[in-house]
Amino acid sequence: MKRPKNKKKSPLPLPYAPAESARNNAGLDNSKRYDDVYYELHPGVIEDVVPMGSQSFAVVTDADIQLKIEVWSDRCLRFHYALDGFDREFSYARDPEARQQASTVKLKESKTGWRIETPALRCEIARKDGKIKATDLATKTVIHEYAAPFYVRTTLMKGLEQLRLQLTANKKEGFFGLGDKSWDTDLHGRYFRNWNEDAFAYGKERDTLYRSVPFYLGLLEATGYGLFLDNTYRTHFDFNSRTDGLTTIWAEGGEFSYYLFTGPSLDQVAADYALLTGTTELPPLWAIGYHQCRWSYYPEKRVREIASSFREKRIPCDSIYLDIDYMDGYRCFTWNHDHFPDPKKMIADLKEDGFHTVVMIDPGIKVDEDYHVYTEGTEEDVWCMRPDGRPMVGPVWPPECVWPDFTDPDVREWWGPLYQELYLEQGVSGFWNDMNEPAVFRVNRLTFPDSVVHDLDGRGGDHAEAHNIYGMQMSRASWDGLKELQPSKRPFLLCRATFSGGQRYAALWTGDNIANWEHLAMANRQCVRLSISGFSFVGTDIGGFVDEPGGELLVRWLQLAVFHPLMRIHSMGNNTDGAAEADADEVAKQEKDNRQDQEPWAYGNPHTDRARTAIEMRYRLLPYLYTAMQQHRATGTPVLRNLFFYDQSDKNCRKYGDQFLCGQDLLVAPIVKEGAKQVTVYLPKGNWVDYQSSKVYEGGRKYKLSTDPNYIPVFVRSGAILPIAPVTQHTGELTKVKEMQLNVYASEKTGYGEWYWDAGEGYDYEKNGFRKASFGYTNTKNGFALIQATEGDYQSSVKNLRVRIYGLISKASKAMVDDKKVKLSQTKTHLELVVPVDFSEVVLLS
């Protein structure tokens with residue numbers, strides 16, 4: 001494989017200059033530095049704005065900075081600044097299927113500048129200095145305004161080191177998203193960096209975690225907008241941290257290409273961003289069941305004990321994970337046969353009992369001349385290289401590792417088939433790509449030096465540009481390889497480090513958290529933040545990876561995780577370096593005596609029963625959650641959303657940052673304080689129904705509620721229709737279910753809901769092999785009617801729906817289903833009847 005030359009210098013992070021010091025003309029200034037000289041550039045006077053086709057415009061400047069503005073849709077503009085022309089139209093983040101949408105675009109010139117206008121957005125370009133101002137035409141709100149001209153700094157010794165945008169910031173403006181940040185919901189008043197790091201036991205104040213998502217959503221005067229900086233270098237976002245009325249965004253290299261979105265609804269902004277960068281493929285149904293993981297379950301006897309315990313205790317579970325100790329001396333794609341003498345049989349036996357096996361694969365490949373992956377990789381020249389042409393060698397779990405250059409398409413193609421034995425021959429169901437920041441042990445940097453050389457898909461470059469997308473490209477190589485090996489099977493891939501667009505390849509978890517109440521609150525915020533940033537298939541290490549949670553914290557975390565698309569317990573256990581070298585008897589003894597096990601029954605009753613209740617609730621909600629995942633796939637709407645997505649004009653929705661929406665119809669108020677006896681819940685406009693008691697609450701009000709150790713407060717949007725499953729021990733049992741439940745919350749005059757279902761595996765759903773039921777009802781004094789319209793050809797095992805109707809306006813004594821009378825029963829909270837799954841209309845009469 002031919003290696004391109006390293007053409008880039010590695011920039012160093014430097015503080016930005018305030019807006020008022022930016023120069024009006026390109027110039028040289030030695031007054032502020034003595035070890036180097038630097039140049040400051042910005043566009044200067046704008047000479048013309050020239051159409052380049054119907055939806056792109058070249059902004060002609062009198063300086064070396066060039067600007068191209070593209071209309072991507074009525075609601076999205078791209079601003080692309082470059083110093084060397086626009087020949088490099090390349091993006092790792094953008095979905096290859098994303099295309100500019102047709103729009104009616106107008107260009108007008110005036111004395112002060114130019115105006116580009118779509119039906120939703122107006123963009124003004126100042127003639128004097130190239131400042132940009134953008135206005136949402138639906139609300140007449142200025143959502144994007146330069147405080148200073150675009151700015152570039154280069155130095156004599158280092159070359160390009162900063163490209164910067166400074167925007168006006170309103171003191172009441174909210175800033176949200178930016179991927180995985182552990183800070184409060186609103187980022188206003190804080191400064192953040194994007195640089196993927198192995199952030200073991202991170203805290204709330206840490207701004208560089210495992211992944212970089214340079215996209216944020218803003219809320220200004222109830223108008224939502226978004227900004228995505230498509231740049232893989234170190235990037236920086238300062239949301240008015242100096243209270244100087246500025247939002248400052250800068251990158252340390254590359255080109256400055258960013259997308260501006262307007263809604264004005266935040267739902268629309270998040271959806272448009274997700275459609276630009278790609279949405280998560282519909283996962284296999286088992287992957288949204290409950291997962292059990294630990295560092296590490298071994299030997300085989302212990303794995304089988306865990307599986308048997310789940311079934312004996314009647315706690316649902318779909319997956320068991322094997323961490324690094326299943327490997328032979330930390331060699332990826334191998335087994336330690338002392339611990340696992342017959343992995344194929346073990347995996348088959350687990351699957352027979354409803355358990356899918358997921359194993360870890362790291363990018364660090366052990367340097368070992370007797371290890372086939374290392375020798376084949378060396379022959380194929382796949383390793384990341386230092387500038388002198390030697391491989392980058394460093395410690396991770398083995399003392400010496402090399403790393404594939406996943407930015408090389410040939411290397412990605414080489415990597416995929418390595419999964420063949422595990423995936424095809426032995427029956428492993430899913431994979432877990434860890435340590436892919438890439439992490440390097442026992443050095444302060446915890447990763448590669450910037451000078452390491454990368455292919456970057458033929459463009460050539462260094463690690464400063466490749467670092468933030470390294471983990472994403474590992475996921476891509478793994479995902480593509482799994483699809484190639486089993487084209488009819490939906491891959492399940494979980495990864496730690498990634499970049500915008502990485503949701504196309506893998507689910508995420510939030511990394512090595514801590515078993516404490518602060519981290520429970522952080523886990524809640526992180527999952528919602530990632531979801532609105534494009535990563536809906538997300539979860540946390542339930543109970544905390546580091547330390548022991550205790551029974552109450554573990555249960556409260558499980559109750560929250562019911563509503564996270566990925567629901568997985570994972571813990572650190574009693575691990576030390578070299579644990580994999582222990583003999584099987586000693587390992588078994590350690591496992592038996594280890595008090596840090598974090599299974600749902602680890603703390604005995606009443607905690608075991610409460611954990612079971614939480615996991616059973618997850619399985620009851622699987623049809624609803626699967627539908628939400630399909631809706632995300634189709635529309636880009638996040639599965640998890642902050643409360644202010646529901647009502648952008650309600651200040652209380654921003655105040656109650658711990659509450660969130662799951663799917664279209666559920667509002668969740670997690671309990672994140674130890675020993676809480678009461679919790680204050682805010683319900684936005686409309687009516688809401690307590691999921692457990694069916695009590696109706698009026699929206700627009702705060703409520704102090706007594707806590708229940710068995711549940712956290714969950715409310716259903718009045719007017720919603722929810723599909724509910726019976727409790728099963730794993731998702732495989734759902735293929736035999738004859739009856740599902742349909743809950744109709746009819747305290748409004750009209751309502752709607754949806755239930756999407758398919759085989760839960762494979763791709764027949766792309767060929768009409770699905771069933772999508774759309775429900776609607778009317779509820780008046782004259783009676784109640786529920787109708788169903790369906791799409792798709794999928795025929796499931798479900799024959800009947802048990803319909804439960806809450807909140808009828810009128811009394812009912814008779815039920816007709818497609819003009820046939822059926823039995824109607826009544827309880828204190830609801831009416832109930834059983835109808836054929838393919839009914840067209842249900843009518844209740846007094």
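Here is a short chat about a predicted model of a protein chain.

Reader: Let's start with the overall build. How many helices and strands does the protein chain have?
Author: Keep in mind that this is a predicted model. Both kinds of element turn up in the protein chain, and the secondary structure comes to 13 helices and 52 strands.

Reader: What radius of gyration does the protein chain have, next to that of a compact globule?
Author: For 846 residues, a compact globule would come out near 28 Å. The C-alpha atoms fill a box of roughly 85 × 70 × 50 Å along the principal axes. The radius of gyration of the protein chain agrees with the globule value, at 28 Å.

Reader: What share of the contacts join residues at least 24 apart?
Author: Take the contacts between residues at least 6 apart in sequence. As background, 63% of the 846 residues count as buried. Of those contacts, the share joining residues at least 24 apart is 69%.

Reader: I care about electrostatics. How far apart do the centres of the positive and negative side chains lie?
Author: The protein chain carries 102 positive and 117 negative side chains. Take the centre of each set, and the two lie apart by 8 Å.

Reader: And the surface: what percentage of it belongs to carbon and sulfur atoms?
Author: The accessible surface of the protein chain comes to about 31200 Å². The part belonging to carbon and sulfur atoms is 47%.

Reader: On to the sheets. Which strands pair with β46?
Author: Strand β45 (residues 770-780) pairs with β46 (residues 783-791) in the antiparallel sense over 9 bridges, and a hairpin of 2 residues joins them. N779 stands opposite F784 there. β46 also pairs antiparallel over 4 bridges with a strand at residues 841-845, where A785 has V843 as its bridge partner. That gives β46 the partners β45 and β52.

Reader: Is strand β13 largely enclosed or open, and how many of its residues are buried?
Author: A residue counts as buried under 20% relative accessible area. β13 has β12 (residues 151-155) joined to it by 5 antiparallel bridges, with 3 residues between them in a hairpin. On β13, 6 antiparallel bridges lead to β19 (residues 246-251). β13 (residues 159-168) is largely enclosed by the rest of the structure, because its buried residues number 7 of the 10.

Reader: In β19, what is the bridge partner of L165?
Author: β13 and β19 run antiparallel. Within that pairing, the residue in β19 that partners L165 is I249.

Reader: Which prolines follow a cis peptide bond?
Author: One cis bond starts at G263, with omega about 5 degrees, and its proline is found in the loop between β20 and α1. Another starts at E437, with omega near 5 degrees, and that proline is found in the loop between β26 and β27. The prolines are P264 and P438.

Reader: Backbone oddities next: which residues have a positive phi without being glycine?
Author: One lies in the loop between β14 and β15, with phi near 65 degrees. Another lies in the loop between β26 and β27, with phi about 60 degrees. They are buried, at relative accessible areas of 1% and 5%. The names are L178 and M435.

Reader: Last one: what distance separates the C-alpha atoms of Y210 and K814?
Author: Y210 is found in the loop between β15 and β16, and Y210 is buried, at a relative accessible area of 0%. Y210 and K814 are 604 residues apart along the chain, and their C-alpha atoms are separated by 58 Å.

Key:
Residues numbered from 1 in each chain as written. Predicted model: local features only at pLDDT ≥ 70, side-chain atom pairs only at ≥ 80, totals over all residues. Heavy atoms only, no water. Rg over C-alpha atoms; globule rule 2.2 N^0.38 Å. Buried < 20%, exposed > 50% of the residue type's maximum accessible area, 1.4 Å probe, protein only. Contact = heavy atoms within 4.5 Å. Areas by Shrake-Rupley, 256 points an atom, 1.4 Å probe, with all protein chains shown as cover. Lys, Arg positive; Asp, Glu negative; His and termini not counted. Charge placed at Lys NZ, Arg CZ, Asp CG, Glu CD. Pairing = 2+ DSSP bridges.
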